[in-house]
Amino acid sequence: MGEEGTEGMVHLLCLATSSGVPLFCRSSRGGAPARQQLPFSVIGSLNGVHMFGQNLEVQLSSARTEDTTVVWKSFHDSITLIVLSSEEGTSELRLERLLQMVFGAMVLLVGLEELTNIRNVERLKKELRASYHLIDSFLGDSELIGDLTQCVDCVVPPEGSLLQEALSGFAEAVGTAFVSLVVSGRVVAATESWWRLGMPEAVLLPWLVGSLPPQAARDYPVYLPHGSPTVPHRLLTLTLLPGLELCLLCGPRPPLNQLDAQLLERSWQPLLDPLRACLPLGPRALPGGFPLHVDILGLLLLHLELKRCLFTVELSGDKEPSPGQRRRLLRSFYTLVTATYFPPEPGQPEKVEEAVHQAQVPRACYLVSGPEEPGIGWRLVALQLGPRRLLLLLSAQSPTHGLRGLATHTLHALTPLL
């Protein structure tokens, strides 16, 4: 399994399906935005071969060359997205989910009606510019992983019950059921209605908040790709502390100016210390002092029924590999085990064949990067137990014969948190 490389190029193309007119092209190199654009002839060829297949009732979904993977996906017979990646180790699963998130971001900020009933291409191009920043964050080297796992990135606050109680009281006071606390794009706490948001908006909304420049308050129009793709809602954000934002999803009421300083102070001033304790949770996800084995360099815990995850590589900062490398290793390992070994999500099999297949699904797997000798290479182990899946990145010192035991012990320790 190769790492997603740091110098590979990713090109994302968006075209109107019926006309083939390019609506935008975004590119990144090594996780950073790049100005390099594809020639129009290449864009035309990529779209042409896809359309040629459709005319013959053949669905072209992906292709590989020596150094590039290409994935095509059409949405509502109106928008075609194409992604090309020369990053090492990039999987089709990762690129397919990237395209789903990109289209979700377009609906979130423009609305489905504008995308499925294109009246004026030039006007749509201008409107889509509002989604560039969010889309570019998917192409970059993000600290989040919800774009790949399709689960909401969360953190575990030290005093979660206090924050949950305050959040519910505040939601009742302002008259909206959809309220959450977000730190660096990760959900700290949320009301029951917020947790019931469908995909992809459950992932997109906190990701959007985390990607925007700091601001004391915002009143942001958004569409919900699953729940309300044609009627806009309002996303209100209020900064409680730098990096920690209160998010409300509502209709015409309440107006932003109704959320005055007195109401905020009354609701949140008594909880200033628990709120401050949330700030370092952004990169770490787990409360300080949580007992984890010293060999663990990074972890990804998914609850596949709740659609939530904990993801951190900030567990032993002075060891190799770097945080960026750790994220790439865990993301690559996730795509490998999800595409090859574990089903995407648990569920009752509908057919006898599916029941037989499910009975053969492995519970654990591991991978060693480099020679399988003590002190050389890193270890990656995945364990699935019920609705939870745990992926660990471990140091070279960790013996392979103990990987499953270590993963099982860690999963039991983390289970009360998610």
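The following dialogue asks how the terms used for this predicted model are justified.

Student: What makes the protein chain as compact as a globular protein of its length?

Tutor: The secondary structure comes to 15 helices and 17 strands. The radius of gyration of the chain is 22 Å, and the globule rule gives 22 Å for 418 residues, so the chain is as compact as a globular protein of that length. Along the principal axes, its C-alpha atoms fill a box of roughly 60 × 60 × 45 Å.

Student: What share of the residues is buried, and what share of the contacts joins residues 24 or more positions apart?

Tutor: Buried residues make up 51% of the 418 residues. Of the contacts with a separation of 6 or more, 61% are between residues 24 or more positions apart.

Student: Why is Arg-234 called buried or exposed?

Tutor: Buried means under 20% relative accessible area. Arg-234 has 15% relative accessibility, so Arg-234 counts as buried.

Student: And why is Asp-219 put in the class it has?

Tutor: Exposed requires over 50%, and partly exposed lies between that and the buried class. Asp-219 has 37% relative accessibility and therefore counts as partly exposed.

Student: How do you know that Asp-219 and Arg-234 form a salt bridge?

Tutor: The cut-off is a side-chain nitrogen of Lys or Arg within 4 Å of a carboxyl oxygen of Asp or Glu. For Asp-219 and Arg-234 the N to O value is 2.8 Å, and their side chains meet in a salt bridge. Asp-219 lies in strand E10 and Arg-234 in strand E11 (residues 228-241), so the pair ties together parts that are 15 residues apart in sequence.

Student: What makes Arg-218 and Glu-245 a salt bridge, and where do the two residues lie?

Tutor: Their side chains meet at 2.7 Å, N to O, and the criterion is within 4 Å. Arg-218 is in strand E10 (residues 217-224) and Glu-245 is in strand E12 (residues 244-250), so this pair ties together parts that are 27 residues apart in sequence. Arg-218 and Glu-245 are both buried.

Student: Why does the pair Glu-192 and Arg-196 count as a salt bridge?

Tutor: The N to O value is 3.7 Å, and the pair counts because the limit is within 4 Å. Glu-192 and Arg-196 are both exposed.

Student: How many salt bridges does the whole structure hold, and which residues form a network?

Tutor: The search finds 13 salt bridges. Glu-114, Arg-123 and Glu-127 are linked in a network of them.

Notes:
Residues numbered from 1 in each chain as written. Predicted model: local features only at pLDDT ≥ 70, side-chain atom pairs only at ≥ 80, totals over all residues. Heavy atoms only, no water. Helix = DSSP H or I, 4+ residues; strand = E, 2+ residues; numbered from the N terminus. Rg over C-alpha atoms; globule rule 2.2 N^0.38 Å. Buried < 20%, exposed > 50% of the residue type's maximum accessible area, 1.4 Å probe, protein only. Contact = heavy atoms within 4.5 Å.
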